[in-house]
There are 2 protein chains.
Amino acid sequence: MEFDKSRPIYLQIKREVKERIVRGEIKEEVPTVRSLAMELGVNPNTVAKAYREMEREDIIGSWVGRGTWVKDGARERLCPDMIKEIVDEFIHRLVSLGLSLDEIKKLVEGVND
Amino acid sequence: MEFDKSRPIYLQIKREVKERIVRGEIKEEVPTVRSLAMELGVNPNTVAKAYREMEREDIIGSWVGRGTWVKDGARERLCPDMIKEIVDEFIHRLVSLGLSLDEIKKLVEGVND
DNA sequence: TCCATTGTATTTAAATTATAATACAATCCT
DNA sequence: AGGATTGTATTATAATTTAAATACAATGGA
């Protein structure tokens, strides 16, 4: 995973972990703060900050000495929420360029690859 | 225009100005550094930084005492470039959630409002 | 019980971003 | 000619983000 320099790393880590949960790569046990920090090449504090926010969002739960775990039903809540957020932002950005909803639909229909 | 606190303001200003160019709201004359800073409620230095980068991208040209102007053909170059960037990121993000291209197309087809 | 692993917290430092206050040279308009 | 406006540059300051190095208490396994 590579980072976009224009946005805080901890936000990108949040997105990455959520994506892994939605994809089913993370089912119950979330990587430890230290192991994910090592894997991503960042400071454990940065991962801890991402986890702290996701805990407040009721996506994961952390316990000292045990680790971090996906909360019950988190994947089912996360999936439609994230899709809606992505689609909404996509539509909004193209509308900001002056495109209509019909034009946007035709644009996506024509995508190949 | 309101700012997203999670990203540098000067980058959001770049996007805003580019959108205005594509929408045709800015045709030739770009707002002065000071007037846009006043309009957006930010420091002139922040606008100047955005303009400086757009000048390096050959989108605008600035002259002391005269102002800032859209470069010839900038709108025609900007329009397809920005659309492609937005669509590509959109597809990429949904693929990162595990969706296929077909699923994405059906998703967009079903959008209302 | 002992020890490694866990999340959490603290402190210090560096880099980036944004603001603020000027100053300056070039240009334009009257 | 002269004054206002322009982009640009400089310096200083503050806030945010990230890194780094620790330390600590709780947990679990040998």
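**Entry 1: a phosphate on strand C**

I began with A:Glu55, where a polar side-chain atom lies 3.4 Å from a phosphate oxygen of DNA strand C. I kept in mind that this is a predicted model. Next I looked at A:Thr68, and there an N or O atom of the side chain is 3.2 Å from a phosphate oxygen of DNA strand C. From the other chain I noted B:Arg66, which has a side-chain N or O atom 3.1 Å from a phosphate oxygen of this strand, DNA strand C.

I then listed the elements that give two or more residues to the surface near DNA strand C. Chain A brings α2 (33-40), α3, β2 (60-63) and β3 (67-70), and chain B brings α1 (9-23) and α3. Which element has the largest share of that surface? I found that α3(B) does, with three residues.

**Entry 2: the rest of the strand C surroundings**

I counted 23 residues around DNA strand C. The closest are B:Pro8, B:Ile9, B:Asn45, B:Thr46 and B:Arg66. Of the atoms of DNA strand C that come within 4 Å of the protein, 60% belong to sugar and phosphate. Sorted by class, the surface near DNA strand C holds eight nonpolar, 10 polar and five charged residues.

I stopped at B:Asn45, one of the closest residues to DNA strand C. My note places B:Asn45 in helix α3 of chain B. Is B:Asn45 buried or exposed? I have B:Asn45 at 57% relative accessibility, so it counts as exposed, the cut-off being over 50%. I also checked its spacing to B:Val33: the two residues are 12 apart along the chain, and their C-alpha atoms are separated by 8.2 Å.

**Entry 3: over to strand D**

B:Val33 came up again here, since one of its backbone N or O atoms lies 3.0 Å from a phosphate oxygen of DNA strand D. For B:Glu55 I wrote down a polar side-chain atom 3.3 Å from a phosphate oxygen of DNA strand D. B:Thr68 joins the list, with a side-chain N or O atom 3.2 Å from a phosphate oxygen of DNA strand D.

Which elements give two or more residues to the surface near DNA strand D? From chain A I noted α1 (9-23) and α3 (44-56). From chain B I noted α2 (33-40), α3 (44-56), β2 (60-63) and β3 (67-70).

I found 22 residues around DNA strand D, and the closest are A:Pro8, A:Ile9, A:Tyr10, A:Asn45 and A:Thr46. Sugar and phosphate make up 62% of the atoms of DNA strand D that come within 4 Å of the protein. By class, I have eight nonpolar, 10 polar and four charged residues on the surface near DNA strand D.

**Entry 4: how the two chains are related**

I superposed chain A on chain B, and a rotation of 179° with 0.1 Å of shift along its axis does it, at an RMSD of 0.2 Å. I wrote this down as the relation of a two-fold axis. Which C-alpha of chain A is nearest the axis? I found that of A:Arg7, 2.8 Å from the axis. Both copies use the same surface, as 100% of the contact residues of chain A recur in chain B.

**Entry 5: an aromatic pair between the chains**

How many aromatic pairs are there over all chains? I counted one. A:Phe90 and B:Phe90 form that pair, and it is stacked, with 3.7 Å centre to centre and 10° between the planes. A:Phe90 lies in helix α4 (residues 74-95) of chain A and B:Phe90 in helix α4 (residues 74-95) of chain B, so the pair joins two chains.

I looked up burial as well. A:Phe90 counts as buried at 3% relative accessibility, and B:Phe90 is buried with a relative accessible area of 3%.

**Entry 6: two charged residues**

I moved on to A:Arg93, which lies in helix α4 of chain A. A:Arg93 counts as buried, because its relative accessibility is 9% and the cut-off is under 20%. Setting aside neighbours within four places in sequence, I found A:Arg93 in contact with B:Arg15, B:Glu19, B:Ile86 and B:Glu89.

My last stop was A:Glu16, in helix α1 of chain A. A:Glu16 counts as buried at 14% relative accessibility. Beyond neighbours within four places in sequence, A:Glu16 is in contact with A:Met1 and A:Arg23.

Definitions and conventions
Residues numbered from 1 in each chain as written. Chains lettered and ligands numbered in written order. Predicted model: local features only at pLDDT ≥ 70, side-chain atom pairs only at ≥ 80, totals over all residues. Heavy atoms only, no water. Near = heavy atom within 4 Å. Polar contact = N/O pair within 3.5 Å; in protein donor to acceptor, adjacent residues only side chain to side chain. Helix = DSSP H or I, 4+ residues; strand = E, 2+ residues; numbered from the N terminus. Nonpolar A, V, L, I, M, F, W, Y, C, P; charged D, E, K, R; others polar. Least-squares fit on C-alpha atoms with pLDDT ≥ 70 in both. Contact = heavy atoms within 4.5 Å. Phe/Tyr/Trp six-rings, centres within 6.5 Å; stacked < 30°, edge-to-face > 60°. Buried < 20%, exposed > 50% of the residue type's maximum accessible area, 1.4 Å probe, protein only.
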